[in-house]
Amino acid sequence: MALYSAAAAVLAGLERGEGGLKRLVYNSGFPHVRQLYALVSETLRYASVLEKLLDGAALLQAEKKLAPQLAKVLVYDLLFGKGLKCGGRWKALARRHRARLEAELARMKVRYKVSRNEDLLAPEKAVSAAASQVPRYIRVNTLKTCVDDVIDFFKRQGFTYLGKAASVEELKSLSGKKFLLDLHLPELLVFPSQTDLHDNLLYISGHIILQDKASCLPAFLLGPVAGSHVIDACAAPGNKTSHLAAILKNKGWSVHSFSWVLGSAFRQIFAFDVDPKRVATMNTLLTRAGVTGCQLAQQDFLTVDPRDPRYSRVTHILLDPSCSGSGMVTRGPGEEAAPSAERLQALAGFQRRVLNHALSFPALQRLVYSTCSLHQEENEDVVQAVLQEWGSAFRLVNAFPSWPCRGLAAFSGAESCLRASPAETLTHGFFVAVLERCQEGAATPRWERAVGDSSCFWGVP
Ligand code: SAM
């Protein structure tokens with residue numbers, strides 16, 4: 001179509017210094033000058049992004065006869081504009097390269113940790129803006145205190161309590177010495193982003209845990225009832241383990257299971273981590289948080305025998321394995337290198353193996369798989385591959401129906417998974433999938449049986 005050729009000619013004229021944008025557009029002879037002007041100026045705005053996309057997708061190498069200026073306007077309209085308005089060879093060219101260009105765009109967004117196209121124009125600004133809008137979340141450690149007492153404590157320290165938030169927008173507008181109760185999680189208080197509580201007495205004494213909201217989702221959604229036997233498979237440094245212990249109320253045995261007769265008496269959480277230093281840190285953290293009833297082992301979870309009688313009553317597993325960490329929002333400037341395709345493949349291979357291993361525990365009813373990665377390869381793809389291997393033995397639970405950000409449409413049903421991001425949920429980037437053994441009434445908490453009724457969520461056992 002003449003529009004794209006005319007736009008490419010204007011870009012080439014600008015590069016050769018033949019005049020300014022307006023003059024070149026008016027002199028182009030193209031009848032719709034406004035349309036031409038808009039396309040060229042938008043292509044120029046996205047120029048550096050377009051150059052990286054063309055490089056990454058190796059478009060000019062694949063289409064040797066395509067001039068770079070024409071490539072830029074075509075790719076601009078294809079990915080950022082209103083879509084190509086033409087037929088013939090440009091459309092065929094777009095069809096050939098569209099998937100590669102879209103994948104490259106997705107990779108670029110992951111690399112810069114942004115979710116909107118606009119943010120690619122000033123990625124560093126977008127990253128620090130994202131970081132600065134993620135509030136400071138504190139989880140009240142109910143093993144040591146309760147929400148009301150913590151609220152009173154902060155009020156006495158000069159903070160103003162604004163009540164329970166009604167929307168994510170409300171969290172965004174927090175400032176000064178004000179704080180809110182979170183709208184989704186009942187034991188989470190929300191402070192403005194810059195609030196530093198590392199020296200706070202409640203933090204030092206383990207009464208509160210500084211934990212991002214998204215990282216509180218796995219234990220909350222696993223939701224074991226007191227007395228359940230639970231494995232935290234990749235546990236260190238232990239924030240989710242201490243959350244599990246709080247949900248289980250540190251109760252290590254139940255009269256009904258008579259578990260006190262066995263060596264596992266009072267041990268209801270079995271926590272594993274392969275890294276000795278992280279295990280040592282975790283020990284300190286769990287002690288400070290007042291966690292009892294947790295058996296912590298420095299061991300590769302893949303070597304834990306599912307048929308060992310000690311684990312015969314394990315009904316719940318929390319699996320938060322090593323990942324690329326691409327969802328972590330750094331509070332300082334700087335861009336981290338995106339993981340290479342090989343590294344992603346290696347991580348995904350480990351994640352599939354460890355998830356498969358977790359599902360092989362014979363009494364398992366419910367499992368939460370989570371990562372702080374934004375990559376589909378480590379998230380939806382892992383869940384899909386493993387579910388396929390297990391056939392009809394496990395199903396994906398429609399977790400937290402009122403949570404706004406869902407799994408990517410990588411397979412049918414992937415929207416049952418949760419995602420989190422600074423832009424949409426005011427948290428670090430995160431992924432959670434809840435799997436359950438397929439059998440009537442298994443371990444489905446009552447709030448999930450009433451899918452769609454978000455009010456049921458508060459009935460956590
Ligand atoms: N769940 C933890 C928390 O909330 O504090 C964070 C876990 S971190 C994302 C992943 C952990 O998996 C790391 O501490 C790492 O040492 C551990 N890990 C990696 N491979 C492992 C394996 N094969 N068995 C057990 N732990 C492993």
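**Cores, ligand site and three buried residues**

I would like to begin with V432, which lies in strand β13, and I should say at once that what we are looking at is a predicted model. At 1% relative accessibility V432 is buried, because the cut-off for that label is under 20%. Leaving aside neighbours within four places in sequence, V432 is in contact with L217, L221, V368, Y369, S370, C417 and L418. Its C-alpha atom is 6.7 Å from that of P218, although V432 and P218 are 214 residues apart in sequence.

From V432 we can move to one of its partners, L217. With residues up to four places away in sequence again left out, L217 touches V432 and L418, and also L185, F400 and W403.

That brings me to the largest nonpolar core, which has 49 residues, and within which L171, L217, L221, F400 and L418 are the residues with the most contacts. Several elements supply at least two residues each, among them the helices α10 (168-172), α13 (239-247) and α14 (276-288), and the strands β4 (188-191), β7 (269-273), β12 (418-420) and β13 (430-437). Which helix gives the most to this core? That is α12, with seven residues. And where does the core sit with respect to domains 2 and 3? Both domain 2 (131-210) and domain 3 (216-450) give residues to it, so the core lies between them.

There is also a second, separate core, made of 42 residues, and it includes V25, V49, V75 and Y76.

Let me turn to another buried position, L66, which is placed in the loop between α5 (59-62) and α6 (68-80). Its relative accessible area is 9%, so despite its place in a loop L66 counts as buried. Not counting residues up to four places away in sequence, the residues that L66 touches are L59, L60, A71, L74, W90 and L93. For the last of these, L93, the C-alpha separation from L66 is 9.9 Å, and the two are 27 residues apart along the chain.

Now to the ligand. It is surrounded by 19 residues, and the closest are K240, D273, R278, D300 and D320. Looking at polar distances, an oxygen atom of the ligand is 2.8 Å from an N or O atom in the side chain of K240. A nitrogen atom of the ligand lies 2.8 Å from a polar side-chain atom of D300, while at F301 it is a polar backbone atom that is found 2.8 Å from a ligand nitrogen. How much of the ligand does the protein bury? Taken alone the ligand exposes 600 Å², and the protein buries 88% of that.

One of those closest residues, D320, leads us to T371, since D320 is among the residues that T371 touches, together with C323, E378, N379, F430 and F431, once residues up to four places away in sequence are set aside. T371 is found in strand β10 (residues 366-371), and it is buried, with a relative accessible area of 0%. The side chain of T371 also reaches the backbone nitrogen of S373, at 3.1 Å.

I will finish with the chain as a whole. The protein chain holds 18 helices and 13 strands, and of its 461 residues 53% count as buried. Among contacts between residues at least 6 apart in sequence, 69% join residues at least 24 apart. The chain exposes about 20700 Å², of which carbon and sulfur atoms supply 53%.

Notes: Residues numbered from 1 in each chain as written. Predicted model: local features only at pLDDT ≥ 70, side-chain atom pairs only at ≥ 80, totals over all residues. Heavy atoms only, no water. Core = buried A, V, L, I, M, F, W, Y, C linked by side-chain atoms within 4.5 Å. Buried < 20%, exposed > 50% of the residue type's maximum accessible area, 1.4 Å probe, protein only. Helix = DSSP H or I, 4+ residues; strand = E, 2+ residues; numbered from the N terminus. Domains from an automatic or database assignment. Contact = heavy atoms within 4.5 Å. Near = heavy atom within 4 Å. Polar contact = N/O pair within 3.5 Å; in protein donor to acceptor, adjacent residues only side chain to side chain. Areas by Shrake-Rupley, 256 points an atom, 1.4 Å probe, with all protein chains shown as cover.
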